[in-house]
Amino acid sequence: MKDTQTPDALWAWPATRLAAAIKSGDLSAREVALAHIARVEATNPAINAIVDFQPEKTLAAADAVDARRARGAAVGALAGVPVTIKVNVDQTGYATTNGLKAQKDLIARSNNPVVESFLAADAVPLGRTNTPAFSYRWFTNNLLHGATHNPRKRGLTPGGSSGGAGAAVAAGLGAIGHGTDIAGSVRYPAYACGVHGLRPSVGRVAAWNASGPDRTIGGQIMAVSGPLARTVGDLRLAFQAMLRPDACDPWAVPAPFHGADLPKRAALCTHPDGSETAPELVAALHAAAERLREAGWQVDEVELPALASAVPLQLTLWMGDGYEALLASAEAEGDPGALAALRGQAEFVKGLGPDAIAKALTERMAIARDWGLFMARYPVVLLPPSAELPFADNLDLADEASYRRVWTAQMSMIGLPVTGLPALTLNTGLLEDGTPVGVQIVAPKFREDVALGCAEAIEARGPQVRVALP
């Protein structure tokens, strides 16, 4: 697909513009929904980002928003904005498949709090987006829904596990995509598809499922829900809508969105822990730093606290508890990607002692403390989203060396969640061949407002994200 801006197409409008037009009466939510439904019908067959599409429900939700406005009732911040929901969270009347044949008939009878938050803000659900089986990989395909393709450049991974959400947002299939992130599952699809994605602080967004064998997307493995969008303003709008506490989630923290002013001081690190960062990403980081300096920020190139040592801790918390059951489930499903993800860590898991999880929790606190102290001096950190440009699709299945290469390159994706800090991937443009590049922004705990403000300063002085068009 080529990238061309079509500002008159409603499906290319940002959420902020759509919501303002619907609130003012310049547009109806039904008009917007119809435009997006037509876009899905025309474009989704080529990329398979949305795998559960029920347009009659979308129109009913849009009509409800229009009816409330016609009565003179107040409408929410996302009034009429089409959003997509990842298939691993509950949405009433839809299957919570998580990319599994075994869950194709697991119909949710209640909404995940994230879905409730979107509905409370009067967003209009457009469809359910694809994920790899069990949401395990940075590549998105499974035996139930098939493969999702990158709308920026065929042959590149759309990322994962929220690859459907990233591809949908990039292609104009909804202004906002919902994703979940345990080891980069929001941030990496945003990077690979050339959009923006925010992984909030642990506890910031309530997330739990009533359905499924796991029954949670919860805090014990530090997975959180976050938004993907084509503008930072849309990330802000979506994230604020998601900040609704829920008593069912014991990890939820009702922290305010805005905090005290912090110094405009950022740390730049192009090769964290000595990683071999691609030259194109190093250049993107230096360009982003220069844009921040133009906006009045101080940017220092410094070494960061340890991040590579956080990777085994995250793997321990992710796979160290019940690994055999996870592997048995993957073997029953028969999905090659899920099996590769789990079998590739078999030796690591075998080496874990009986007290491994307790030790990992203790060491996690030390890493989180070190990063907290560092960020008291530097309220923003700029670092690569990955050590490599977006991978060729299914690179992790090519051979053992390729599998290890992928996991090595994803050090920051895996390690940062251990800190509990918010992290945002910001697209900063496309290479001549259409490959997206970008940077990753980290801010202090519960200070997503700082990360978003930094991202907006960079976005304002660089190329804007364009919709990927056939």
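Which residue is the bridge partner of Gly197 in β9? It's Leu228, and the first view below picks up from there. Keep in mind throughout that this is a predicted model.

**Close-up 1. Strand β8 sits between two antiparallel neighbours, β9 and β13.** Strand β8 covers residues 196-199. With β9 (residues 224-229) β8 makes 2 bridges, antiparallel, and Gly197 facing Leu228 is a bridge pair there. With β13 (residues 423-430) the pairing is antiparallel too, this time over 3 bridges. Look for Arg199 here, standing opposite Ala423 of β13. Neither face of β8 is left open: His196 and Leu198 are buried on one side, and Gly197 and Arg199 are buried on the other. As a reminder, strands of a sheet pair through backbone hydrogen bonds, either parallel or antiparallel.

**Close-up 2. Zooming out, an open sheet of 11 strands comes into view.** Read across, the order goes β2-β4-β3-β7-β9-β8-β13-β14-β12-β10-β11, with mixed pairing. The edges are β2 and β11 (298-301), each of which pairs on one side only. From one strand to the next, the twist averages 30°. For a parallel pair, go to β10 (residues 265-268) and β12 (residues 380-383), which are joined by 3 bridges. Ala266 is a handy marker there, since its bridge partner in β12 is Val380.

**Close-up 3. Helix α2 lies across three strands of the sheet.** The helix spans residues 29-47, and the strands it crosses are β2, β3 (82-86) and β4. Against β4, α2 runs at about 20°. While you're in this part of the model, find Gln54 in the loop between β2 (50-52) and α3. Gln54 counts as buried because its relative accessibility is 18%, and buried means under 20%. Leaving out neighbours within four places in sequence, Gln54 touches Gly93 and Tyr94.

**Close-up 4. Asp122 and Arg68 meet in a salt bridge between distant parts of the chain.** The N to O distance is 2.3 Å. Asp122 belongs to the loop between α4 (113-120) and β4 (124-129), while Arg68 is in helix α3 (residues 55-70), and 54 residues separate the two. How enclosed are the partners? Asp122 is buried, at 6% relative accessible area, whereas Arg68 is partly exposed, at 25%. The chemistry is familiar: side chains of opposite charge can pair when their charged atoms come close.

**Close-up 5. Lys104 and Asp105 make a salt bridge too.** Their side chains come to 2.9 Å, N to O. Asp105 is exposed, with 59% relative accessible area, and Lys104 is partly exposed at 45%.

**Close-up 6. Arg204 and Glu448 form a salt bridge in which both partners are buried.** The N to O distance here is 2.7 Å. Arg204 comes from the loop between β8 and β9, and Glu448 from helix α16 (residues 448-460), so to speak a long-distance call: the two are 244 residues apart. Relative accessible area is 3% for Arg204 and 0% for Glu448.

**Close-up 7. Asp181, Arg187 and Arg199 are linked in a salt-bridge network.** You've already met Arg199 as the β8 residue opposite Ala423. Across the whole model, the salt bridges come to 17.

**Close-up 8. Helix α7 is largely enclosed by the rest of the structure.** How many of the 11 residues of α7 (residues 232-242) are buried? The count is 9, which is why the helix is described as largely enclosed. Charged residues turn up in the buried set, including Asp234 and Arg236. Also among them are Val232, Leu235, Leu237, Phe239 and Met242.

**Close-up 9. Val418 is a buried residue of helix α15.** The helix runs over residues 411-419, and Val418 has 2% relative accessibility. Try showing Ser185 in the same frame: Ser185 and Val418 are 233 residues apart in sequence, and their C-alpha atoms lie 14 Å apart in space.

Key: Residues numbered from 1 in each chain as written. Predicted model: local features only at pLDDT ≥ 70, side-chain atom pairs only at ≥ 80, totals over all residues. Heavy atoms only, no water. Helix = DSSP H or I, 4+ residues; strand = E, 2+ residues; numbered from the N terminus. Buried < 20%, exposed > 50% of the residue type's maximum accessible area, 1.4 Å probe, protein only. Pairing = 2+ DSSP bridges. Salt bridge = Lys/Arg side-chain N within 4 Å of Asp/Glu carboxyl O. Contact = heavy atoms within 4.5 Å. Axes fitted to C-alpha atoms, helices over the stretch in contact; angles between N-to-C directions.
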